[in-house]
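Please work through the exercises below with the sequence and the structure side by side, trying each task before reading its solution.

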Amino acid sequence: MSSPQGIEVPDALVASYTRNGRQEGRTWIARLPALVAELLDRWELERDGGIGSGEASLVVPVRRTDDTRAALKLQMPREETTAALIGLRAWNGDGIVRLLDHDPESGAVLLERLDGSRTLAFVEDDDVAMSTLAGLMARLHSVPAPEGLRGLGDVARDMLASVPAAVAALPDPEDQRRLHGWASAVTELVGEPGDRMLHWDLHYDNVLAAEREPWLAIDPEPLVGDPGFDLWPALDTGWEKLHATGDAPRVVRRRFDLLTEALGLDRRRAAGWTLARLLQNTLWDIEDGRTTVDPFQTAVAEALPRH
């Protein structure tokens, strides 16, 4: 999709917002080129490279009037975009991409430019990569959580309320047993959900090379809770490649050890909150029509320490 201003919206982003047929998404996509042009003019930005996109956002490389490089990011406003803005303000660039400006009405943000072509996944030594990620995660967790973010306690209680219907949707008794087991782990922890500000989606592809520091995190989905709930994306990162080697369980356990040691976490609680992530993922799968537990979720659960 293009406009007279020459602003092209990648087909993949158009598809992600229009495939479900919701008018809200179609309207936002249709207005997107004009919104980009408006922000470029208002913030006196010059385009500085090809437009990119993720599953839900458009990213336009730009230069500011002082010739510093930046990235204009636009995503349809929703709870997650508001949470990201709150988190980026609170972190203020400490271990994460720096927020330079934002537009309250559209939810658009202007961010410092990182190197999107180099992610932490390019580091060959997995211990080095995971230790780098753990260091960033520790810094993010150390910043006090501001007001306005959703709490893990509410998220966990919502999950537990969904379990009976989800179990009924699984025909395999073994899958039903798994879901009940993961729910039991959450039940034990829900009374102490934690008070740290979590990234929620920190994995190798959400850590980019930078000029200000060697590596910085991107794309947070902030939530207030126990740091153990933040581990799963790191444990799972690059899973298809890991699974193909036949050595995935060992790598998952090694990653778990590195993360819990670096963050000073209680291993049992961290394993329990990781099972909560597996429960959450499976509940989402069932909402989307799946009737089996994803083998990847089961494999991660079996690789976690039992003590």
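Three exercises on this predicted model follow, each with a worked solution.

**Exercise 1.** Determine how the axes of helix α1 and helix α2 are arranged, and which residues make the contact.

*Solution.* Begin with the two elements, helix α1 covering residues 11–18 and helix α2 covering residues 23–42, whose axes come within 8 Å and cross at roughly 150°. Because angles over 145 degrees count as roughly antiparallel, α1 is roughly antiparallel to α2. The crossing of these two helices is right-handed. Next, look at the residues: α1 contributes Leu13, Val14, Tyr17 and Thr18, while α2 contributes Gly25, Arg26, Trp28, Ile29 and Leu32. Sorted by character, the residues of this contact are six nonpolar, two polar and one charged.

**Exercise 2.** Decide whether Ser57 is buried or exposed, and find which residues it is in contact with.

*Solution.* First place Ser57 in strand β3, which spans residues 57–63. Its relative accessibility is 9%, and since buried means under 20%, Ser57 counts as buried. Finally, setting aside neighbours within four places in sequence, Ser57 is in contact with Leu13, Gly52, Lys73, Leu74 and Gln75.

**Exercise 3.** Describe the largest nonpolar core and say which helix gives the most to it.

*Solution.* The largest nonpolar core holds 80 residues, of which Leu133, Phe229, Leu231 and Leu279 touch the most other members. Helix α10, residues 267–287, gives the most to this core, with nine residues. Apart from this core lies another, of 25 residues, including Leu13, Ile29, Leu58 and Val62. Turning back to Leu133, and not counting residues up to four places away in sequence, one finds that Leu133 touches Leu120, Leu202, His203, Tyr204, Val207, Ala234 and Leu259.

Methods:
Residues are numbered from 1 along each chain as its sequence is written. This is a predicted model: local features need pLDDT of at least 70, side-chain atom pairs count only at pLDDT 80 or more; totals for chains, interfaces and linings use all residues. Side-chain values use heavy atoms; hydrogens and water are left out. A nonpolar core is a set of buried Ala, Val, Leu, Ile, Met, Phe, Trp, Tyr and Cys residues joined through side-chain atoms within 4.5 Å. Buried means under 20% relative accessible area, exposed over 50%, partly exposed in between (1.4 Å probe, protein chains only). Helices (H or I, at least four residues) and strands (E, at least two) are DSSP runs, numbered from the N terminus. Contact means heavy atoms within 4.5 Å. Axes are lines fitted to C-alpha atoms, for helices over the stretch in contact, and angles run from 0 to 180 degrees between N-to-C directions. Angles under 35 degrees count as roughly parallel, over 145 as roughly antiparallel, 65 to 115 as roughly perpendicular and the rest as oblique. A crossing is left-handed if the near helix is turned anticlockwise from the far one by less than a right angle, and right-handed if clockwise. Ala, Val, Leu, Ile, Met, Phe, Trp, Tyr, Cys and Pro count as nonpolar, Asp, Glu, Lys and Arg as charged, and the others, Gly among them, as polar.
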